[in-house]
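Trainee: Could you take me through the way you read a model of this kind, one feature at a time?
Mentor: Gladly; let us open it together and begin.

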Amino acid sequence: MTPEQLRRVKELFLAASDRDLEHRSGWLDELPGEAPEVVEQVRLQLQALEDAPADLGTPEFALRERLPERIGPYRVEHRIGAGGMGVVYLCSQERPVRRSVAVKRIRAGMDSDALLRRFHFEQQVLADLEHPAIAQVYDAGVDDDGRPYFAMEHVEGTPLTGYCDHGRLDTDSRLRLFVQVCRGVQHAHHRGVVHRDLKPQNILVVEVDGVPRPKIIDFGIAKSIDRERVACVGPMTLHGEVLGTPEYMAPEQFSRHAVADTRSDQFSLGVLLYELLTGSLPVSSDRSRSRTLGTVQAAPAEDAPLRPSIVVSTRDGSAEAAERRRLDRRALTQRLRGDLDWVTMRAVERTPERRYGSVGELADDLERHLDHQPVLAGPPSTRYRVAKFVQRNRGTVVAGGGVLVALLGGLVAFAVENARARDFAALAARRERQAVDARDEFARQNRILRGRAYASRVLELAELARDGRLKSLGDRGNFHSSLDVLDSEFRGMEWDWLAALSSPPPVWRRPFDEPVIDADLSPDAGELLLVLETPEGAVPVRTGNGPDATLRPIPTRARFARFCPDGEGVLTAGHPAEGVTYWSEGPDGWTETRRCETPGPVTAMARIPGSDRLLIACGAEGQLRSLDPRDLLLVADHGSCGATAVCLAVDDRERVLAGRDDTVVQIRDLGDPASCREIDAREIVLPQNFHFGKAVECVAFTSDSKAAIAGLSGGDVGVWSLEDGRLMRVLEPHQTIWSTDWSVNSLVVDPAGRWVVTSGRDGLLRVQSLEGFGTLALRSGGKIYTSYGGSDLLLAADRLGQGASSTGLAGVLRLADLPIPMELVGHERGESSSDDAIAVTKDGKTAYTVAQDDSFRMWELRTGRQLAAWRDTALAPQALALHPSDNELLVVGRAGYGYLLDAETFDIERTVHMPPATLGRQAPGRAESGPLSVAYASDGRSFAVGFGTTSVLRDPEVATPIVVFDHATLAVLHVLEGCRGTVWEVAFHPTRNLLAAEYLTSSRIFDLDSDDPAPGVEVQGANKQACAFHPRTGILYGASQRELFRCDPLDGSVLSTVSESLVTDVLVIGFDTAGDRLLAVSPRHFSLLNADTGDVVWLQKAEGNRFDSGALLPGGGGVLVGGWSWLLYPMAGAGDAFEERATVYRAARFIRDDLDGGWDKAAALERLGARVDLADDVRDVVLEILGGMRVVEDPPGSGTTNSGR
Amino acid sequence: MDEHSERITQLLASDDPRAAEALLPLIYQDLRRLARHRLAKEPAGQTLQPTALVHEAYLRIVGAEGNPGWDNRGHFFAAAAEAMRRILIDQARRKQRQRHGGGATRVDLDEVEIAIDAPSYGDLLAVDEALQALEAADERARSIANLRYFSGMSNRETAEALGISVPTVEREWRFIRTFLQSKLGYDL
């Protein structure tokens, strides 16, 4: 068709499409002289328009899905709806039962094996949820196009709020329905599943025999699809829009560091309760829609929701709302006032800690209310409790009251008889007694509950501390906050312990009565200068490097103090003083030796390392001047840099970086005043933060002077190339969800150039890799203002607290002492391809990795240097294994073959071909993922290759092959077809010719010496996810979702459980050569266990990374993990601290679980004595905790030894 | 504002008919840079939405408050949409290529992964091919298709970007959509 014809087609089509449907074709036929192909094309398009008349005017993405015929085993009937994550279809299932199911197919974008695998785990968790209030998830899988789907119970119901309003349910009925919903959510929470998108549309009410039953749909789906993303960056899109339903989302879900947990669900339920009770939302839709990262945290007080009773009595439209609840407005107000106000408001508290501890507690409180018991959420006034007592004992009290009225009447009308008077007095006394009893009982119960809450919370915090999560908690700045809100009545030694844990590990530190606002370390690191902010002004002080050194205050007021490079004098400058002053210290104290005047106070100063030049910025214009620091003579005037807020950094090429208050960083060549380039740091600031986040607070050159780092007043930190001004990296910001007091106070680059240390007003000291993922955050407890790095020492100074009551802290730490992981930088897209993605030589010097960028690489572990790399998109390498001799490396890929490489030269020497029979099994349409796991026999004579498959759900009959090869000849020894589903891992027994394989849903052991090794022996214990033979004993260790087992290598029976609870979601397990330590890698953390006792000796969180695979270095030198980035964690220093934490953890757990919240010291000691199984160290800690615990006799909050602030 | 953005701003403000041509490589580079930057900031496994990228590119160059120097949104969005199309098509081609060949080499790929909800990469290429036939006859249809299809913009956004009315966009899109449908055999 020619362009002219096409234009004609368009003309005719548009003309025709404007006509009525029935007139179109006739009109088309009557057109004279049109080319037949033009008419045909118009007809085709009109037909298409008729088929899909809906205009795609909606702002959804332009591409629509075709209605699929089938999704997995389900036949698609029609489309039910579409949501943010995908499209929901009504489907019919034929086998094993005939039924209608709702199938939600997720959008494209989950094609990595690791993701799919996690998706399967999640599915198993969801399948475990069985509760009448939860729509059952039947199945999940991956369709032909590789898109995951969930098959769920098809619920035909009405959204909860609509159901209640339509049926005009009264408040009690609404509450009862709501409690059922809570119970469902509680059930899921107990199984570790969080909904994250609870809203009326996800809670449908179905009537069963006329009785309404709520059903929660979409449980856990948001999380399983989105959890990687959400856990890392929060539910914000690039625009700061919120994914999900803002009206029902908890404030913390809007955060960049979203930690959606059970309490976020509780918040959503609170909003729902609010809506059910009042007919309106606590925060108006407009406002919640406009909530974004910045605004949520800065939400003003007026954003706090009104109490339900107040809303009902004041808001327009409440009359109808009341009517729908079968009450008038006044009666509804009455109904809500008190209990329901309190319960609702507690559930929608902005701070998670102030909400109910669990959804169960919320439901309990509502049930208490329905039973006329006092609710915990309420203020325990006597009047309230007595009122409740009266309601509960209405019969008795009313009877009493009736007597009373009669008596009073009698008093007025007749003379009082003595006997009757006595009755009256007795009655009054009884009432009084009952009231007192009720009060005491309440106080007792309340105390027990508060004690329990305290214990639970302490335990949670101890668990976090034990998990090594304090770093990331510190990131969010909430560990201290969490400690602060704990009930002071119960605080004891364990509280002090936790408070101490969340502080940085200094070489030394020293508290001051005043905040420390500037600090400098002398060139030899022997002395330091601090500026203390006293009520009389900022006082510079010189002192020795140590916690007890004498303070020698300099008699002046100045904002900055720096050592002069001559090693003798001290330079002071800055507000309120004008100019720069040189001070000499003599036996009689300080003398002002010289002085240099400046136009206005100095606003910034910097020194060129190794050079006699001091650079200052001063005056309102930000004038840049170079001074000689010895004689303070002006060396050069570099003109004005045009802004008032400046911070300076100077590199050895005598270039200067100057930050301004408008996100601009200037680069000036000091030798050439005309040279001035600018970097605009705007691109790292979220638009909504721009108004307060744009001043450049500090700048630094990287140690190679090729890049500039800038920290902004909004807490953002970026690295820009000085060659082309390109943004190279965005570092972790200094922003917390707990306050908007953000800013980067200082940044220093470590001399080796690998790390940048930033400190911020959020109270964190961050050590961040300039190249990759490694990040360490240390919490100071305060707001770090300054730090300075000289050699590997870091001087940190804090301002603690606020306003007049603030104090200071200064200390020196050694960078080398910090447990900073080393990153192996090289894989473009770092995810490891499979469980067998890492191999380490026995000397622990060399490692080999394979990642999803189709490359396999060789590393020198001592330095983290990459030695060699291959990329092969045709092979698509997925797994590797090292021959026991460490001489040869086997790499296999999705394409169905592999290479044997010389492990030293990394040259490809031989090609390993899979037997055609195994490849031939890949029937058309089956998306095989090829060889996925490999292992060498310990004698090195043979190796095994396990296959991956994604077709397990579609093609359930076909087993997935494992091929065993002879290493020397590459001949195929066995083809094992034991089980269906991907073979995630294969492992050889250390001495026998046994092969263990871990499939998607089970594990098997094959005896390769037997005549018919297949199908092997099934390993007992639920759902293995990882397995490995103990190198010494040959016992098979297997990890399920929640447990680690020891299994008999011959019959597969479970011998014992290694570890419970803490080690979850394990993907890979491995041993050190001696078999003393066991490494278990999960996506979010890895743990190192004592292989005998199962004690966790080290638990490392992924800290924003994600772990896919890992290996324990043979010499015990560390743990190498693969994931988004590849990190080598040094082992040193991890051991003792974690042992200690583990002890306290066990003690805390004993207190929570075994002491039953009684908080009766004597009874607790008795029970402690009865427990013979507790280790002595744990017993000691329990005693210590009990001893330190403020028990009933102590006045509340007295004698708290450490307030942490 | 860096030199790069400066140059884009100048080109956008200029009346030179060749400006649009000069604009394209700059915006192309900008979008890729943004995408890379996003990938650097957010851990791997992230996908990028075309609409968000284009909007962000716009915000970055124009600023949140709007640049007083020019207000030629149309140029920008048309160029950005074309750049986005090229990026997506490149990506689809690369994906297709990877599936069929290679060999063990050391390659430095500069990969940017952008999410597209297309049924498959093959479909994406087919759509592009069909659109090329349309482009010969109707340039505006091309711009609209780029904005609607490759940049994921709504009718209203498309209308704003091109400075035409929403009903016009709706009519044009109706034609484009049915045209593609007749060529591809299914609804988009």
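The conversation below goes from chain B to salt bridges, then to helices, a sheet and some backbone details.

Mentor: Please keep in mind throughout that this is a predicted model.

Trainee: Where should I start with chain B, and how many helices and strands are there in it?

Mentor: Start with the inventory of elements: chain B has eight helices and one strand, and along the sequence they run in the pattern α-α-α-α-β-α-α-α-α. Then turn to burial and contacts: of the 188 residues in chain B, 57% are buried, and among its contacts between residues at least 6 apart in sequence, 64% join residues at least 24 apart. The accessible surface of chain B is about 7,800 Å², with 47% of that area belonging to carbon and sulfur atoms.

Trainee: How many salt bridges are there over all chains, and how do I read a single one?

Mentor: The count over all chains is 32. The general idea is to look for a side-chain nitrogen of Lys or Arg within 4 Å of a carboxyl oxygen of Asp or Glu, and then to ask where the two partners sit. Take Arg8(A) and Glu11(A), whose closest N and O atoms are 2.6 Å apart; the two residues are three apart in helix H1 (residues 3–17) of chain A, and are therefore separated by about one helical turn. Arg8(A) is partly exposed, at 28% relative accessibility.

Trainee: Which parts of chain A does the pair Arg183(A) and Asp364(A) tie together?

Mentor: The side chains of Arg183(A) and Asp364(A) form a salt bridge with an N to O distance of 2.8 Å. Because Arg183(A) belongs to helix H6 (residues 171–190) and Asp364(A) to helix H15 (residues 359–370), both of chain A, the pair ties together parts that are 181 residues apart in sequence. Asp364(A) has a relative accessible area of 30% and is partly exposed.

Trainee: And what should I make of Glu172(B) and Arg140(B)?

Mentor: Their side chains meet in a salt bridge at 3.1 Å, N to O. Glu172(B) is in helix H8 (residues 166–184) of chain B and Arg140(B) in helix H6 (residues 139–150) of chain B, so this pair ties together parts 32 residues apart in sequence. Glu172(B) is buried, with a relative accessible area of 6%, whereas Arg140(B) is partly exposed at 37%. Salt bridges that share partners join Lys10(A), Asp138(B), Arg140(B) and Glu172(B) into one network.

Trainee: How does one read a helix such as H1(A), and which of its residues are buried?

Mentor: Compare its span with the expected one, and then list what is covered. H1(A), with 15 residues, reaches 21 Å from its first C-alpha to its last, close to the 21 Å expected at 1.5 Å a residue; its buried residues include Leu6(A), Val9(A), Lys10(A) and Phe13(A). H15(A), with 12 residues, reaches 17 Å, close to the 16 Å expected, and among its buried residues are Leu362(A), Asp365(A), Leu366(A) and His369(A). H15(A) is followed by His372(A), which has a positive phi near 65°.

Trainee: In what order do the strands of the sheet S43-S44-S45-S46 pair, parallel or antiparallel?

Mentor: In general, the strands of a sheet pair through backbone hydrogen bonds, either parallel or antiparallel. Here four strands of chain A form an open sheet in the order S43-S44-S45-S46, with antiparallel pairing. Strand S43 (877–882) and strand S46 (908–913) are the edge strands, each pairing on one side only, and neighbouring strands are turned by 25° against each other on average, direction ignored. Strands S44 (residues 888–893) and S45 (residues 897–902) of chain A pair over five bridges, and Val892(A) stands opposite Gly898(A) in S45(A).

Trainee: Finally, which backbone details deserve a second look?

Mentor: Most residues other than glycine have a negative phi, and most peptide bonds are trans. In chain A, a cis peptide bond joins His575(A) and Pro576(A), with omega about 0°, and Pro576(A) lies in the loop between strand S16 (570–573) and strand S17 (580–586). Thr663(A) has a positive phi near 70°; it is in the loop between strand S24 (655–659) and strand S25 (664–669) of chain A, and is buried with a relative accessible area of 0%. Ser705(A) has a positive phi near 60°, and is buried at 7% relative accessibility.

Terms used:
Residues numbered from 1 in each chain as written. Chains lettered and ligands numbered in written order. Predicted model: local features only at pLDDT ≥ 70, side-chain atom pairs only at ≥ 80, totals over all residues. Heavy atoms only, no water. Buried < 20%, exposed > 50% of the residue type's maximum accessible area, 1.4 Å probe, protein only. Contact = heavy atoms within 4.5 Å. Areas by Shrake-Rupley, 256 points an atom, 1.4 Å probe, with all protein chains shown as cover. Pairing = 2+ DSSP bridges. Axes fitted to C-alpha atoms, helices over the stretch in contact; angles between N-to-C directions. Expected span 1.5 Å × (residues − 1).
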